[in-house]
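Subject: Structure for you to look through

Dear colleague,

I am passing on a structure that I would like you to look at with the sequence beside it. Please open it first, and then read the notes that follow.

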Amino acid sequence: MADFQGVDFLRLDELLSEEEKLARESVREFVSKEFLPRIQEHVRQDGSFPMELVAPMAELGLFGANLHGWGCAGMNNVAYGLVMQELERGDSGLRSFASVQGSLVMYPIHSYGSDAQKDRWLPALQSGQAIGCFGLTEPDFGSHITAMRTKAERRGDTWLLNGTKRWITNGTLAEVAVIWASTDDGIRGFLVERGTPGFEARDIKGKFSLRASVTSELFLRDVEVPESSRLPKAEGMRGPLSCLTQARYGIAWGALGAAMACYDEALEYSKERIVAGGPLAGKQLTQQKLVEMLAEITKGQLVAWRVGRIKDEGNLDFAMVSLAKRNNVDVALRIAREARDLLGANGIVDDYQSMRHMMNLETVRTYEGTHDVHTLILGEKITGLRAL
Amino acid sequence: MKIVVCLKQVPHSDARLDINGDGTWIQEDNLKFEINSYDTYALEEALRIKDAGEAEVVVVSIGPDRVTQALRTALGMGADRAVHVNDSAVEGSDALGIAKVLAAIVKAESPDLVVTGLMSDDGNFSAVPPMIAELCDMPSATSVLKVDGANGSLTVERELEGGAMEVVELPKPCLLAVQTGLNQVRYASLKGIMAAKKKPIDVKTAADLGVGDQVGAGAAKVRMEKVYQPPKGEGAELLEGSTDDVVGSLMNKVKELGLL
Ligand SMILES: Cc1cc2nc3c(=O)[nH]c(=O)nc-3n(C[C@H](O)[C@H](O)[C@H](O)COP(=O)(O)OP(=O)(O)OC[C@H]3O[C@@H](n4cnc5c(N)ncnc54)[C@H](O)[C@@H]3O)c2cc1C
């Protein structure tokens with residue numbers, strides 16, 4: 001099949017700067033040439049990531065691309081979004097790897113860390129020498145995380161951490177875990193290093209979704225860390241929530257990448273596939289499906305682009321990101337399902353990508369605030385009444 | 001050390017090509033372009049020499065506004081600055097006209113090394129690189145697959161017919177026209193793309209370079225007469241019948257043609 005060329009029905013490229021387009025092209029080529037030839041092998045394994053790509057990804061500048069300093073590229077948020085779009089055009093697992101590393105680990109250290117923490121971790125994380133993970137969700141609490149059970153107790157100059165974190169991307173790969181725990185003063189963030197006594201990570205197997213990504217459970221039993229490993233400027237729920245806003249913003253773009261891959265595959269396939277004497281693409285029902293996909297992708301692009309520009313202006317409201325994440329993941333999942341359907345039986349094997357994206361997007365719909373949670377965030381925003 | 005890399009922007013290898021109205025070239029409107037594949041290897045080779053020691057890499061291209069994107073990509077990959085000949089007077093030039101423009105830049109830059117691709121994906125002439133070398137009075141090697149010893153003279157390996165290799169030594173300054181596959185081409189990194197914003201692109205016309213009267217359709221000795229799609233189906237034979245029959249007749253054909 002021909003190389004993926006993007007979807008741009010309304011000439012939205014005219015809204016992009018040269019550097020934004022170049023960033024997209026470079027990552028698109030990387031994904032086509034380096035990542036996609038490897039994906040089938042990793043999807044067939046249960047929860048594995050092509051680790052040999054971590055160094056080239058770092059070299060490309062994919063980790064913390066919208067942060068400034070410590071070797072980061074310092075791109076604007078639209079360029080960053082386009083990068084996430086292209087990564088997820090490959091696989092949601094690939095985009096998740098970059099999202100977690102950049103938005104959920106580097107971002108909190110960059111925003112809330114001490115100078116020593118920044119100097120120690122940001123260059124290592126940017127260059128892929130260290131991998132990080134973000135431990136917020138627990139076995140019993142996902143959407144309502146303020147009820148978290150993980151506790152940090154102050155003991156003089158040290159803290160004692162106890163609890164379990166579950167569904168943690170890259171948990172067993174990580175040299176450093178950002179662990180959110182409740183204290184007498186509210187929620188605080190800690191940097192817990194691999195090998196700290198009492199700290200253990202185990203992988204979760206049997207996933208139907210995000211198979212090319214490692215998902216783990218973290219166990220903390222009387223884990224003692226120094227006060228210097230606490231993120232000094234993170235106080236309360238604002239800490240983890242601001243990280244989630246960053247990651248959710250990237251997902252709003254990323255989901256479009258998955259949607260584009262499915263639309264592209266369905267379009268090419270239906271032009272070639274002969275049914276009832278002619279190409280599948282020549283049938284009215286097929287055209288309606290393809291047009292629906294194109295229309296939703298185009299609307300989603302405008303939403304993501306606008307939210308990106310507002311973010312760059314510094315006027316972002318987190319509810320705007322909720323609208324973008326909620327809408328774009330929802331349409332991407334519908335598009336993936338429709339594309340899978342158009343591919344017939346071929347659609348259920350991993351020689352084609354739509355079903356892989358469809359299964360991945362089930363996770364994307366759930367993590368980083370479920371679809372319904374974003375509905376309730378927006379509901380509160382417009383009514384002033386909290387229903388969550 | 002200074003290295004000049006000549007690169008051409010050509011239609012994307014996956015682009016759908018249609019012939020233009022008067023049948024003299026392809027329809028370029030709304031077409032996606034990319035850097036000529038051979039030239040990406042030329043640039044990579046220059047950047048490797050730069051990475052290994054000290055070198056300034058200057059990328060040079062001729063073409064309309066769209067060429068800026070190719071040059072920015074090259075700057076994003078690590079080239080230091082660019083020269084862009086953006087001049088409608090150059091349109092319609094033959095290979096010699098193009099070589100004269102590029103030779104004028106090479107003379108002005110007086111580099112230690114000029115690296116180009118062996119040919120362009122669209123034109124397929126392989127004519128421009130040796131012409132530049134002749135016009136600049138420098139030795140050249142084509143079809144280069146390996147470059148050694150950036151100091152003093154260069155030892156290069158050239159690919160010959162049938163997979164044989166030839167080793168030649170060239171004094172500097174010289175020109176190398178490289179084959180694809182001699183290295184692994186890097187991607188423009190996001191940091192590189194950010195840095196490229198600040199790198200200069202010097203825009204010039206043929207007249208600026210003193211070759212205004214030697215370019216364009218008027219000066220060309222080779223004129224594009226006609227571009228056409230060869231008629232489909234000729235020379236193809238469809239073998240029909242059962243699998244065994246088809247395999248049998250295919251084997252006979254292969255033997256008949258002396259291919260086995
Ligand atoms: C592959 C994968 C990777 C992940 N990676 C990470 C990671 O790296 N770090 C991390 O911290 N977490 C991670 N997560 C966890 C993810 O963020 C949570 O699963 C998510 O927040 C949802 O929480 P939950 O699973 O507990 O679902 P629940 O909160 O139990 O939700 C179950 C259902 O109830 C609905 N619901 C919840 N509250 C309400 C309400 N008030 N009203 C109506 N409906 C409601 C939800 O919308 C959902 O449909 C990951 C998850 C997956 C699947």
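Ser143(B) is a good residue to begin with, and you will find it in strand β7 of chain B. Please keep in mind throughout that this is a predicted model. Although Ser143(B) is not a glycine, its phi is positive, at about 55 degrees. Ser143(B) has a relative accessible area of 10% and is therefore buried, since buried means under 20%.

The next residue along, Val144(B), stands opposite Arg158(B) in β8(B). These two strands, β7 (residues 140-148) and β8 (residues 154-159) of chain B, run antiparallel and are joined by four bridges. As background, the strands of a sheet pair through backbone hydrogen bonds, and they can do so in either a parallel or an antiparallel sense.

From there you can widen the view to the whole sheet of chain B, which is open and consists of nine strands in the order β9-β8-β7-β10-β6-β1-β4-β5-β11, with mixed pairing. At its edges are β9 (165-170) and β11 (201-204) of chain B, each of which pairs on one side only. From one strand to the next, the twist averages 35 degrees.

Within this sheet, how enclosed is strand β4 (residues 56-62) of chain B by the rest of the structure? Six of its seven residues are buried, so the strand is largely enclosed. On one side, β4(B) runs parallel to strand β1 (residues 2-6) of chain B, to which five bridges join it, and Ile3(B) has Val57(B) as its bridge partner in β4(B). The pairing of β4(B) with strand β5 (residues 81-85) of chain B is also in the parallel sense, over five bridges, and here Val60(B) stands opposite Val83(B) in β5(B). If you follow the chain from β4(B) through helix α2 (residues 67-77) of chain B to β5(B), you will have traced a right-handed β-α-β unit.

There is one more backbone detail in chain B that is worth finding: Lys172(B) and Pro173(B) are joined by a cis peptide bond, with omega at about 0 degrees. Pro173(B) belongs to the loop between β9 and β10 (174-178) of chain B.

Chain A also has a residue other than glycine with a positive phi, namely Glu368(A), whose phi is near 60 degrees. The loop between α9 (354-366) and α10 (371-383) of chain A holds Glu368(A), and this residue is buried, with a relative accessible area of 13%.

Now to the charged side chains, which can pair with partners of opposite charge when their charged atoms come close. Over all chains, the structure holds 48 salt bridges, and I have picked out a few of them for you.

In chain A, Arg28(A) and Glu25(A) form a salt bridge through their side chains, at 3.8 Å from N to O. These residues are three apart in helix α1 of chain A, which means that about one helical turn separates them. Arg28(A) counts as buried, at 5% relative accessibility.

A second salt bridge, at 2.8 Å from N to O, brings together the side chains of Glu193(A) and Arg120(A). Because Glu193(A) lies in strand β5 (residues 186-193) of chain A and Arg120(A) in helix α5 (residues 115-126) of chain A, the pair ties together parts that are 73 residues apart in sequence. Glu193(A) is partly exposed at 30% relative accessibility, and Arg120(A) is partly exposed as well, with a relative accessible area of 44%.

In chain B, the side chains of Lys204(B) and Asp202(B) meet in a salt bridge at 3.4 Å from N to O. Lys204(B) is partly exposed, with a relative accessible area of 25%, while Asp202(B) counts as partly exposed at 36% relative accessibility. Elsewhere, salt bridges with shared partners link Asp13(A), Arg24(A), Glu25(A), Arg28(A), Glu86(A) and Lys32(B) into one network.

Finally, please look at the surface of chain A, where Phe9(A), Leu10(A), Leu15(A) and Leu302(A) make a nonpolar patch of about 370 Å². Of these, Leu10(A) sits in the segment before α1 (18-44) of chain A and counts as partly exposed, at 48% relative accessibility.

With best wishes

Technical notes
Residues numbered from 1 in each chain as written. Chains lettered and ligands numbered in written order. Predicted model: local features only at pLDDT ≥ 70, side-chain atom pairs only at ≥ 80, totals over all residues. Heavy atoms only, no water. Buried < 20%, exposed > 50% of the residue type's maximum accessible area, 1.4 Å probe, protein only. Pairing = 2+ DSSP bridges. Right-handed = clockwise from strand over helix to strand, strands pointing away. Patch = residues over 30% accessible without salt bridge, like charges linked within 9 Å, V, L, I, M, F, W, Y side chains within 5 Å. Areas by Shrake-Rupley, 256 points an atom, 1.4 Å probe, with all protein chains shown as cover. Salt bridge = Lys/Arg side-chain N within 4 Å of Asp/Glu carboxyl O. Axes fitted to C-alpha atoms, helices over the stretch in contact; angles between N-to-C directions.
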